[in-house]
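This report walks through one protein model, from its ligand shell to its strands and a few single residues. Please keep the sequence and the structure open beside the text while you read.

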Amino acid sequence: MTDAPSGRGRSSPPGIWRTRITEMLGIEYPIIEGAFGTFGTSALAAPVSEAGGLGMITATALRTPEGLRQDIRRARSLTGKPIGVNLTVMTCPGIDEMCQVVIEEGIPVVETASYRADAYGKRLQAAGVKWIHKVATVKHALAAEQQGVDAVVIVGLEGAGFKSILQLPTLVSIPWAVKQLKIPVIAAGGIGDGRGFMAALAMGAEAVYLGTAFMATRECPISERHKQSMAAADPTEPRYRERCLAPPRPEELARVMAERDSEPVDSWLRKLERVMLKDPADVPDLMGDGLTEEAVEEEILRSLPGSLAVAAIDRVVSVRELMENMISEAEDIRRRWSIC
Ligand SMILES: Cc1cc2nc3c(=O)[nH]c(=O)nc-3n(C[C@H](O)[C@H](O)[C@H](O)COP(=O)(O)O)c2cc1C
């Protein structure tokens, strides 16, 4: 848990957060919002961009190319700053058409994820869009560099989302990757405050990528109860650790993948997320049903999305406060290290 400095109104000396990623994307702080397949819309992306990071609209969450187009336009009405789109290969419906919308709407950067994406990446780059690919291992980061990506996000084992059985912790993956890659590396997995941010930069990353930390913000369109339970979560609780750290069970993954083409995309996605994120099958109505307090607690724990980054969350704040607090804390560290 972190004591939260009040970052309000602070502004960093010019240029101290400049990296190849801030230059490439035209953003103030090297902080990027993670993708969310069910709720990653402009509601969260626009405030992140407006606060100086890169907000990310997740095409999967919009379901259709037209839905994506409308949400990009909505984001544009909320901020004039750069915004990105995530295309998650395994789950994004109509990905070819989604690419076309990205190009037509003048989106400057796309992040692809889950499986090889060079066909989409090359098409986007040819249209002038920067291409970032997200991976879970250094081996896949090297392959992405060979394929011509502009940058990679590497998610360490502490992170939320789809797991690889070869995944290593963030502290190991990032320096190992930076030693071998020429393209910029973006660190993800378990980062949620200024200390994690500075640690990632010290390891050689040129930006951080936050999923869980942005979920516990006022603007994130998930339930207030989930946000509060993230702020109160104990990352050492055994089932929570298991859900965050363990890869999916191979037989469950094979079963759900076999159903991919025979089910409507929405219900299939819910099944896939249950297997990959190890969410429970049916979360009961937490507000009613005469559940006892213990049963409610139990269900919150079982259904809690997010990663071990909950260790850095102690209250629900606005996106701007989260980012200002991170920057303020990081500046304090820089001052202690006499580098600013
Ligand atoms: C509920 C939830 C849904 C997610 N959906 C996606 C997705 O659709 N596509 C994707 O690339 N990553 C997805 N992720 C992973 C995040 O984008 C990000 O890589 C991860 O949260 C980083 O780790 P952190 O939570 O420790 O910051 C999801 C994560 C969560 C918690």
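How do the residues of the shell around the ligand divide into nonpolar, polar and charged?

## The shell around the ligand

The model discussed here is a predicted one, and its shell around the ligand is made up of 10 nonpolar, 15 polar and two charged residues. In total, 27 residues surround the ligand, and the closest of them are Gly-34, Gly-37, Gly-159, Gly-161 and Gly-211.

## The chain as a whole

The protein chain holds 16 helices and eight strands, and of its 340 residues 46% count as buried. If we look at the contacts in the chain with a separation of 6 or more, we find that 65% of them are accounted for by residues 24 or more positions apart.

## Strand β7 and its partners

A useful place to begin with the strands is β7, which covers residues 185-188. Which of its residues are buried on one side, and which on the other? Val-185 and Ala-187 are buried on one side, while Ile-186 and Ala-188 are buried on the other, so that both faces of the strand are covered. Strand β6, residues 151-155, runs parallel to β7 and is joined to β7 by four bridges, with Ile-154 standing opposite Ala-187. To get from β6 to β7 the chain passes through helix α8, residues 170-180, and this β-α-β crossover is right-handed.

Strand β7 also runs parallel to β8, residues 207-210, and three bridges join these two strands. Within this pairing Ala-188 stands opposite Tyr-209, and the chain crosses from β7 to β8 through helix α9, residues 194-202, in a β-α-β crossover that is again right-handed. A further bridge partner in β8 is Ala-207, which is matched with Ile-186.

## Strand β8 and strand β2

Both faces of β8 are covered as well, with Ala-207 and Tyr-209 buried on one side and Val-208 and Leu-210 buried on the other. Strand β8 also pairs in the parallel sense with β1, residues 31-33, over three bridges, and in this pairing the bridge partner of Ile-32 is Tyr-209. Tyr-209 therefore has a place in two pairings, standing opposite Ala-188 of β7 and serving as the bridge partner of Ile-32.

Strand β2, residues 55-58, likewise has both faces covered, with Gly-55 and Ile-57 buried on one side and Met-56 and Thr-58 buried on the other. Four bridges join β2 to the parallel strand β3, residues 83-88, and Met-56 stands opposite Gly-84 there.

## The nonpolar core

In soluble globular proteins, nonpolar side chains tend to be buried together. How many residues are in the largest nonpolar core of this model? That core has 89 residues, and those with the most contacts inside it are Val-152, Ile-154, Ile-186, Ala-187 and Val-208. Helix α16, residues 319-336, gives the most to this core, with six residues.

Ala-187 can serve as an example of a residue in this core. Leaving aside the neighbours within four places in sequence, Ala-187 is in contact with Ile-154, Thr-170, Ile-174, Ala-200, Met-203, Ala-205, Val-208 and Tyr-209. Among these contacts is Ile-154, the residue that stands opposite Ala-187 in the pairing with β7.

## Two residues with a positive phi

Most residues other than glycine have a negative phi. Ser-114, although it is not a glycine, has a positive phi of about 55 degrees, and Tyr-115, also a residue other than glycine, has a positive phi near 85 degrees. The place of Ser-114 is in the loop between β4 (109-113) and α6 (118-126), and Tyr-115 is found in the loop between β4 and α6 as well.

Is each of these residues buried or exposed? Ser-114 counts as buried because 21 C-beta neighbours lie inside 10 Å, whereas Tyr-115 is exposed because 11 other C-beta atoms lie within 10 Å. The cut-offs behind this reasoning are 20 or more for a buried residue and 12 or fewer for an exposed one.

## A buried arginine

Arg-243 lies in helix α12, residues 238-245. Arg-243 is buried, because 21 other C-beta atoms lie within 10 Å. The C-alpha atom of Arg-243 is separated by 9.4 Å from that of Pro-305, a residue 62 residues apart from Arg-243 along the chain.

How values were computed:
Residues are numbered from 1 along each chain as its sequence is written. This is a predicted model: local features need pLDDT of at least 70, side-chain atom pairs count only at pLDDT 80 or more; totals for chains, interfaces and linings use all residues. Two residues are in contact if their C-beta atoms, placed from the backbone, lie within 7 Å. A residue is near a molecule or strand if its C-beta atom, placed from the backbone, lies within 6 Å of it. Ala, Val, Leu, Ile, Met, Phe, Trp, Tyr, Cys and Pro count as nonpolar, Asp, Glu, Lys and Arg as charged, and the others, Gly among them, as polar. A crossover is right-handed if, with the strands pointing away from the viewer, the path from the first strand over the helix to the second runs clockwise. A nonpolar core is a set of buried Ala, Val, Leu, Ile, Met, Phe, Trp, Tyr and Cys residues joined through C-beta atoms within 7 Å.
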